[in-house]
Amino acid sequence: MATFALQFLLMLMSMTGFGNSKGHLQGKEIIIEIRCVNSKVNDFRLKIPNSYRQHELDLRKILNDRVIRGKMDLSISVDSKGGEEEFAINKNLFLNFYSQIQALSTHIDLSHSDILNAIMKFPNVIMSQDTLISKEEYNYVLDLLFEAIEKLNDFRSIEGTIIANDMVFRIKSILDQLEAVEKEDPKRFVILKDKLLKSLRTNFEGENIDMNRFEQELLYYLERLDITEEKVRLRQHCEYFLEEINKETTQKSRKLNFITQEIGREINTLGSKAQFSPIQKLVVNMKDELEKIKEQMANVL
């Protein structure tokens, strides 16, 4: 196989990735994690503290603007190291629940402790005093979010580069197999011609054979088995693939998929027309490399 230098391809992005960031502000430890997996569209799932819910739409917009297509899980956790976060009972809500349940106690046998335990389990009865975050904290969280997104994109870019280099390697391998096919092709014609002539003499032994007519029929037969066009188109498709994967554009997997389909079509035609064992073995190797490229294609944007 010919040797070649693998290029560092920046613009092919993996669909999967991970990014995180962590910081401390006013006694709080804030941790942000973003996980991304394969998806045809942007799909965000946010797990954030209740005090951040007022900013959820803004957070979603930032993700949509800064992260290329993917199914993402964003997690923001806040831990007050000093235990400063205070909780309180929502008195109005508590009394409202209490009056309604006590009115039922004349019909249902409920003890005082049963009523209290039930009310304390109702949503929003116990609330955090820190229901709103300050502008300072929100801006700090945004800085951490941008950092996590940058790490996510770097992760996807690095993984995409690894995948791209692997696909380039396999396209180069297909081209190497094609060079071997071109070396074997002249032998194929000689062997096919001898095989046909031997078959003709075996089946029509003792009869006069019009060699001119035989040559004409042989040329017609070999023209139908000619693989010159397939070899040219296969080389063109492989070179086109390498050209596209090196372009500084994003989300090019769709075009690369189309090109791999064309590569597969030419390889299949090459194999069906060859009728020559050494070439068919090379075709099997090409198909194996192409299948590995298709597997990788499902993991990139």
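Cys238 has a relative accessibility of 0% and therefore counts as buried, a label given to residues under 20% relative accessible area, whereas exposed means over 50% and partly exposed lies in between (1.4 Å probe, protein chains only). Cys36, at 3% relative accessibility, is likewise classed as buried. A search of the whole structure for disulfides returns zero, a disulfide being defined as a pair of cysteine sulfur atoms within 2.5 Å.

The structure is a predicted model, in which local features need pLDDT of at least 70 and side-chain atom pairs count only at pLDDT 80 or more, while totals for chains, interfaces and linings use all residues. Residues are numbered from 1 along each chain as its sequence is written, and side-chain values use heavy atoms, with hydrogens and water left out.

**Overall organisation**

The protein chain contains eight helices and six strands; helices (H or I, at least four residues) and strands (E, at least two) are DSSP runs numbered from the N terminus. Read from the N terminus, the order of elements is β-β-β-α-β-β-α-α-β-α-α-α-α-α. Of the 301 residues in the protein chain, 38% are buried. Among the contacts in the protein chain with a separation of 6 or more, 81% link residues 24 or more positions apart, where contact means heavy atoms within 4.5 Å.

**The four-stranded sheet**

Four strands form an open sheet in the order E1-E2-E4-E3, and their pairing is mixed. Strands E1 (17–25) and E3 (43–47) are the edge strands; each has a single partner strand, so one side of each lacks a neighbour in the sheet. From one strand to the next, the twist averages 10°. Two strands are taken to pair if DSSP finds at least two bridges between them.

E1 and E2 run antiparallel and are joined by nine bridges. E3 and E4 (residues 71–80), by contrast, run parallel and are joined by five bridges. In the latter pair, Asp43 stands opposite Lys71 of E4.

The side chains of E1 alternate between two faces: Gly17, Gly19, Ser21, Gly23 and Leu25 point to one face and are buried, while Phe18, Asn20, Lys22 and His24 point to the other and are not.

**His24 and the E1–E2 hairpin**

His24 is located in strand E1 and, at 52% relative accessibility, counts as exposed. Its position in the sheet is opposite Glu29 of E2. The side chains of His24 and Glu29 are also joined by a polar contact of 3.5 Å; such a contact is a pair of N or O atoms within 3.5 Å, of which, within protein, one must be able to donate a hydrogen and the other to accept it, and residues adjacent in sequence count only if both atoms are side-chain atoms. Apart from neighbours within four places in sequence, His24 is in contact with Glu29 and Tyr140. His24 and Ser80 are separated by 56 residues in sequence and by 9.6 Å in space, C-alpha to C-alpha.

The hairpin of E1 and E2 has two residues between the strands, and Gln26 takes a positive phi there. Most residues other than glycine have a negative phi, and most peptide bonds are trans. The table sets out two residues with a positive phi.

| Residue | Phi | Location | Relative accessibility |
|---|---|---|---|
| Gln26 | about 50° | loop between E1 and E2 | 52%, exposed |
| Gln275 | about 50° | loop between helix H7 (253–274) and helix H8 (277–297) | 41%, partly exposed |

**Helix H1 and its surroundings**

Within H1, the residues Glu56, Leu59, Ile62 and Leu63 are buried. Viewed down the axis of H1, the buried residues fall within an arc of 125°, so they line one face of the helix; the arc is that of the directions from the helix axis to the C-beta atoms. The face of H1 turned away from its buried side bears the exposed residues Leu57, Lys61 and Asp65.

Asn153 belongs to helix H4 (residues 135–203). The side chain of Asn153 reaches the backbone oxygen of Arg66 at 3.2 Å. With residues up to four places away in sequence set aside, Asn153 touches Met13, Arg66 and Val67.

Key
Axes fitted to C-alpha atoms, helices over the stretch in contact; angles between N-to-C directions.
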